[in-house]
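Subject: Handover of the structure and notes on what was found

Dear colleague,

I am passing the structure on to you with this email, and I would be glad if you could read the notes below with the coordinates open beside them.

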Amino acid sequence: MTCIKPQRGLDEIEPYVPGKPIEEVQREYGLRDVIKLASNENPLGPSPRAVEAMREALVRVNMYPDGQSYYLRQALARHLDLDAEQVTVGNGADGIIVEICLAYLQEGDEVVVSRSSFPVYDVYTRVMRATLIKTPLREYGIDLEAMARAVNGCTKIIFVCNPNNPTGTVVTAPEVEEFLAAVPDHVLVVFDEAYYEFVDTEDFPDTLRYVRQGRQNVLTMRTFSKVYGLAGIRLGYAAAVPQVLAPLNVVREPFAVNLLAQAAGLAVLEDEEFLRATVAANRAGRHFLYREFERLGLFFIRSHTNFVLVRVGPQAGQVARALLERGIIVRPCGAYDLEEFLRVTVGSAEQNARLIAALEEILR
Ligand SMILES: *Cc1c(COP(=O)(O)O)cnc(C)c1O
């Protein structure tokens with residue numbers, strides 16, 4: 001047994017558990033044809049333009065990437081109508097969450113998150129020995145009023161996952177406006193908009209507007225993993241005023257964004273067609289799932305993302321296992337305090353139909 005001890009308290013932190021990889025399920029269950037509807041990946045695959053750009057970049061991987069991601073940041077700034085100094089890129093949005101926590105948190109700080117929200121905030125808050133404050137959901141959505149009420153002199157960060165993973169709900173522009181008016185300047189408000197491009201409502205907040213206005217305590221984060229179909233290459237970005245981003249530049253590992261990711265990101269930003277096709281296919285798939293869940297008498301939450309939260313009852317864990325046995329990986333939500341629910345990614349039409357057929361068989 002080793003005497004080398006990890007930092008104090010680390011052994012009490014539950015690591016983030018991702019959806020099971022397809023290969024693991026194939027191995028464990030002796031199955032060939034396995035589909036994954038557990039991690040909100042793009043069923044259309046990656047953008048062909050991104051693949052082409054990466055193919056061209058492959059012969060340059062003997063070189064370190066541009067540590068500043070100069071061209072990608074320029075392109076993002078144009079795309080988002082921001083200055084390049086107001087944009088930073090990271091090794092996935094997850095990488096940016098880690099950077100935010102490293103840069104801003106220490107023991108004694110408090111971080112406000114919602115219950116039943118993205119668990120990566122919790123992990124790194126605790127790694128930094130800051131205190132996690134969880135506000136309850138309101139009708140399965142994030143309760144911004146409760147979050148604002150949880151603020152005190154020790155509060156450092158509020159993570160607002162919008163749309164929220166795993167509920168798929170949004171907080172609206174008027175709610176955000178009121179919330180930001182109530183939150184004091186010493187609190188960094190992080191809007192995690194990983195599913196931004198899927199949002200289907202007029203009153204979704206334009207949080208980049210706050211950055212353009214020079215607001216000193218707002219950071220918006222998005223990712224290339226979901227709508228852009230680049231989860232495997234790890235690329236995310238954040239927008240905030242330069243003063244907020246500067247500490248992230250200190251803690252970021254050198255070359256955090258690899259050469260292929262930079263090439264793919266640049267290419268996919270130009271691929272409007274792929275984005276539109278993804279959003280359209282997702283909307284159709286989501287409505288198919290709604291109709292089928294209704295037919296099966298299952299309660300579900302209307303979603304602004306590429307996943308749907310559906311209640312299958314107290315035996316949700318068993319249902320998830322039964323789906324695994326049929327080669328379908330979904331996300332049980334016990335770890336999100338939603339014991340009776342499964343989170344299912346909207347897949348291709350064929351995958352969605354297979355999921356419904358299996359669910360129907362299992363629940364009968
Ligand atoms: C998927 C997801 C992320 C992580 O995105 P990556 O860029 O793949 O690291 C962050 N936040 C939320 C809410 C997500 O669902």
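In this predicted model, the side chain of T223 places an N or O atom 2.5 Å from an oxygen atom of the ligand. Two further side chains make contacts of this kind: a polar side-chain atom of S225 is found 2.6 Å from a ligand oxygen, and an N or O atom in the side chain of R234 is likewise 2.6 Å from an oxygen atom of the ligand. On its own the ligand has 380 Å² of accessible area, and the protein covers 94% of that area.

As for the wider surroundings, the ligand has 14 residues around it, and the closest of these are A93, Y195, T223, S225 and K226. Sorted by character, this shell is made up of 6 nonpolar, 4 polar and 4 charged residues. If you ask which element gives the most to the shell, that is helix α4, which spans residues 92-104 and supplies 3 residues.

Where does the ligand sit? It sits in the largest pocket of the model, and that pocket holds about 510 Å³ of space. Its lining consists of 27 residues, among which Y16, S39, D94, K226 and R234 lie nearest the centre of the pocket. K226 therefore deserves a note on both counts, since it is listed with the closest residues of the ligand shell and also with those nearest the pocket centre, while R234, which is in that central group, has the side-chain contact to a ligand oxygen given above. The lining divides into 12 nonpolar, 7 polar and 8 charged residues, and α4 again gives the most to it, with 3 residues.Turning to the backbone, two cis peptide bonds may be worth a look when you prepare the model. One joins N162 and P163, with omega at about -5°, and the other runs from N165 to P166, with omega near 20°. P163 has its place in the loop between β7 (155-161) and α7 (173-182), and P166 lies in the loop between β7 and α7 as well. Elsewhere, R129 shows a positive phi of about 60° although it is not a glycine, and R129 is located in the loop that runs between α5 (120-127) and β4 (131-135).

With best regards

Methods
Residues numbered from 1 in each chain as written. Predicted model: local features only at pLDDT ≥ 70, side-chain atom pairs only at ≥ 80, totals over all residues. Heavy atoms only, no water. Near = heavy atom within 4 Å. Polar contact = N/O pair within 3.5 Å; in protein donor to acceptor, adjacent residues only side chain to side chain. Areas by Shrake-Rupley, 256 points an atom, 1.4 Å probe, with all protein chains shown as cover. 1 Å grid on protein atoms, 1.4 Å probe; cavity = no way out; pocket = protein on both sides within 12 Å on 5 of 7 lines; lining within 4 Å. Sits in = over half its atoms within 2 Å of the grid points. Helix = DSSP H or I, 4+ residues; strand = E, 2+ residues; numbered from the N terminus. Nonpolar A, V, L, I, M, F, W, Y, C, P; charged D, E, K, R; others polar. Points joined across faces, edges and corners; volume = space filled by probe spheres on them.
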